[in-house]
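Work through the two exercises below. Try each task before reading its solution.

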Amino acid sequence: MWIYDKKLQYPVKIKNPNPKLAQVIISQLGGPDGELAASMRYLHQRYAMPYDEIKGILTDVGTEELAHLEMVAAILHQLTRNLSEEEIKNSPFATYFVDHTTGLYPVPASGVPFDMKYVGVKGDVITDLHEDLAADAAIPQAQPLSKNRPKPL
Amino acid sequence: MIDRNTARENGTRQTNCKMLKKKLQAVDFAIVETTLYLDVYPDCQKALEYHKRLLKERRMLAEALQQSCGPVTAWEEQQGGWEWVKGPWPWEPDAN
């Protein structure tokens with residue numbers, strides 16, 4: 001079972017709202033390589049694992065991904081508060097806003113609702129661990145392009 | 001009329017609480033990482049000792065926090081009413 005710690009894993013304090021940035025970051029919330037997908041992937045794969053070490057790590061990483069989900073949500077919450085109607089209408093966030101306003105609904109940047117199809121759980125150790133490698137390696141690809149981006153493994 | 005002493009005390013306490021909370025976040029992060037490592041290498045003595053040290057540090061920080069800054073989990077003793085539900089909540093800028 002889970003206990004909730006009333007603090008973020010790492011602090012999030014954003015001075016200026018920015019709906020343009022929110023439109024990109026929302027993929028980390030509800031996209032195929034985002035934290036919701038990651039936590040669901042690991043937490044559901046652990047049940048069929050035959051080794052304690054893997055049950056342990058999938059449980060603990062899955063839990064940590066929920067904490068990451070919370071941080072991404074905090075970022076999005078702080079990026080989209082106190083916006084004027086004009087600021088919303090003129091941002092790429094406008095279409096999301098129609099259905100969700102400042103609520104946080106897990107979607108990728110495309111706007112299609114989060115789908116469990118993003119997650120593979122086959123009940124086979126090698127297959128599931130490969131799914132995890134593929135998902136984790138996709139992260140450098142999904143992050144916004146930047147010169148300082150870490151190289152994929 | 002604002003009681004300046006109380007306001008200043010509250011300000012200092014708030015800054016102190018924020019600092020303690022940041023320290024706890026740092027220690028907890030180290031504990032999470034050590035946990036993941038030990039999950040795969042459960043017999044590593046060095047890691048086990050490190051984990052023990054971290055827990056000791058955490059206990060001290062958590063005690064200091066609980067005394068002056070309010071609960072971090074609902075499983076702690078509350079002082080002065082049900083503090084757990086009171087803001088700010090972690091995703092709000094004031095909590096960070």
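Two exercises follow, one on a single arginine and one on a chain interface.

This is a predicted model: local features need pLDDT of at least 70, side-chain atom pairs count only at pLDDT 80 or more, and totals for chains, interfaces and linings use all residues. Residues are numbered from 1 along each chain as its sequence is written, and side-chain values use heavy atoms, with hydrogens and water left out.

**Exercise 1.** Place A:R46 and describe its surroundings.

Solution.
1. Locate A:R46: the loop between α3 (35–45) and α4 (52–79) of chain A.
2. Check charge pairing. A:R46 is buried but has no salt bridge. Buried means under 20% relative accessible area; a salt bridge is a side-chain nitrogen of Lys or Arg within 4 Å of a carboxyl oxygen of Asp or Glu. The nearest side chain of opposite charge, A:D60, is 7.7 Å away.
3. List contacts (heavy atoms within 4.5 Å). Beyond neighbours within four places in sequence, A:R46 touches A:W2, A:K55, A:L58 and A:T59.

**Exercise 2.** Describe the interface of chain B and chain A.

Solution.
1. Count residues: 30 of chain B are in contact with 23 of chain A.
2. Take the area. About 2,200 Å² is buried between the chains, with carbon and sulfur atoms giving 62%. Buried area is the accessible area (1.4 Å probe) that two parts lose on being put together, summed over both.
3. Count salt bridges: two. One of them joins the side chains of B:R58 and A:D5 (3.7 Å, N to O).
4. Find the main contributor on the chain B side. Helix α1 (residues 4–40) gives the most, with 13 residues.

How values were computed. Chains are lettered from A and ligands numbered from 1 in the order in which they are written. Helices (H or I, at least four residues) and strands (E, at least two) are DSSP runs, numbered from the N terminus. Buried means under 20% relative accessible area, exposed over 50%, partly exposed in between (1.4 Å probe, protein chains only). Lys and Arg count as positive and Asp and Glu as negative; His and the chain ends are not counted.
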